[in-house]
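Visitor: I am new to this structure and should like to understand the terms used to describe it. Would you take me through the reasoning behind them?

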Amino acid sequence: CDPAPEQWVRFGAIQVNAQSVDDERVLERVVRHVEREAAEGAQVIVLPESFLWMPGAIAADPAAAVVRSLLARDRLLELCRRSNVLLAANLVEAGDGDMRYNSVFLLGPAGELGRYRQVHVRALDRAWASGGESFPVFATPLGRLGLLLGYDGLFPEAARIVALQAASAILYPCNWRLPAEPDLIVIERAAEKH
């Protein structure tokens, strides 16, 4: 696989999460933050893991989480078109039958560029989320971008598989649950994969 051409790419990470179980304004806050980051030059923006929900809310009503995700995806696609950014957003995806996936959608001005179904699903999420089966990398105008999600970061093999597919960068929505995650683990993954 040929490497992406050399170019400067400006990344941004936005920290915004639902503040209550019925926080209907979280998506509005996301939109404002993305618009501000894009105006300041960000080209690729990563949103946090489960940013639309309080802990436990997805498990309480996975079907409602899928509906909310579809509405948010449409709004975020429109935002990407308007702001000319690529956006990694963790949403709940419907599968066959009653299957659902904790997924990261890679969205851009031209539409959906790809999605990743979380392979390593936390024990608490297994009540509603099925595991994915692959670690895809997506060719974009800004380079080859891999996706991981939350718990995946604890497994060195996940980032290694993405790196071996010539990813220029790994977009990694997460919510730190262990002190070692931001202080050690994510730094170690980056060092291992260069």
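The conversation below takes up the sheets, the helices and single residues in turn.

Guide: Please bear in mind that this is a predicted model.

Visitor: What makes S1 and S5 the edge strands of their sheet?

Guide: Five strands form this open sheet, in the order S1-S2-S3-S4-S5. Strand S1 (11-13) and S5 each pair on one side only, and they are the edge strands. Neighbouring strands here are turned against each other by 30° on average, direction ignored.

Visitor: Why is the pairing in this sheet called mixed?

Guide: The sheet with the order S1-S2-S3-S4-S5 has mixed pairing, and its strand pairs show both senses. S1 and strand S2 (residues 44-46) run parallel and are joined by three bridges; glycine 12 stands opposite isoleucine 45 in S2. Strand S3 (residues 86-94) and S4, in turn, run antiparallel, with eight bridges between them. S4 and S5 also pair in the antiparallel sense, over six bridges.

Visitor: How do you know that S4 counts as paired with S3?

Guide: Two strands pair if at least two bridges are found between them. Eight bridges join S3 to S4, so the condition of at least two is met. One example is glutamate 93, whose bridge partner in S4 is tyrosine 101. S3 and S4 form a hairpin with five residues between them, and glycine 97 in the turn has a positive phi of about 60°. The hairpin of S4 and S5 has two residues between the strands, and leucine 106 has glycine 114 as its bridge partner in S5.

Visitor: Why is strand S4 said to be largely enclosed by the rest of the structure?

Guide: Buried means under 20% relative accessible area. Nine of the nine residues of S4 (residues 100-108) are buried, so the strand is largely enclosed. Arg100, Asn102, Val104, Leu106 and Gly108 point one way, whereas Tyr101, Ser103, Phe105 and Leu107 point the other way, and all are buried.

Visitor: Why is arginine 117 called partly exposed?

Guide: The category lies between under 20%, which is buried, and over 50%, which is exposed. Arginine 117 has 31% relative accessibility, so it counts as partly exposed. Its place is in strand S5 (residues 111-117). Among the residues that arginine 117 touches are Glu93, Tyr101 and Ser134. Arginine 117 and leucine 147 are 30 residues apart in sequence, while their C-alpha atoms are 9.2 Å apart in space.

Visitor: Where does leucine 147 stand in its own sheet?

Guide: Leucine 147 stands opposite leucine 171 in S8. Strand S7 (residues 143-147) and S8 run parallel, joined by three bridges. The open sheet has the order S6-S7-S8 and mixed pairing, with strand S6 (137-140) and strand S8 (169-171) as its edge strands.

Visitor: Why are helices H1 and H3 described as roughly parallel?

Guide: Angles under 35 degrees count as roughly parallel. The axes of H1 (residues 26-39) and H3 (residues 62-83) cross at roughly 20° and come within 11 Å. H1 is therefore roughly parallel to H3. The crossing is right-handed. The contact includes Val30, Val34 and Ala38 of H1 and Ala72, Leu76 and Leu79 of H3. Its residues divide into nine nonpolar, one polar and five charged.

Visitor: What lies beneath the angle quoted for H3 and S3?

Guide: H3 lies across S3, S4 and S5, and runs at about 155° to S3. Angles over 145 degrees count as roughly antiparallel, so the value of about 155° for H3 and S3 falls in that class.

Definitions and conventions. Residues numbered from 1 in each chain as written. Predicted model: local features only at pLDDT ≥ 70, side-chain atom pairs only at ≥ 80, totals over all residues. Heavy atoms only, no water. Axes fitted to C-alpha atoms, helices over the stretch in contact; angles between N-to-C directions. Helix = DSSP H or I, 4+ residues; strand = E, 2+ residues; numbered from the N terminus. Parallel < 35°, antiparallel > 145°, perpendicular 65-115°, else oblique. Left-handed = near helix turned anticlockwise from the far one by under 90°. Contact = heavy atoms within 4.5 Å. Nonpolar A, V, L, I, M, F, W, Y, C, P; charged D, E, K, R; others polar. Buried < 20%, exposed > 50% of the residue type's maximum accessible area, 1.4 Å probe, protein only. Lists of a residue's contacts leave out its neighbours within four places in sequence.
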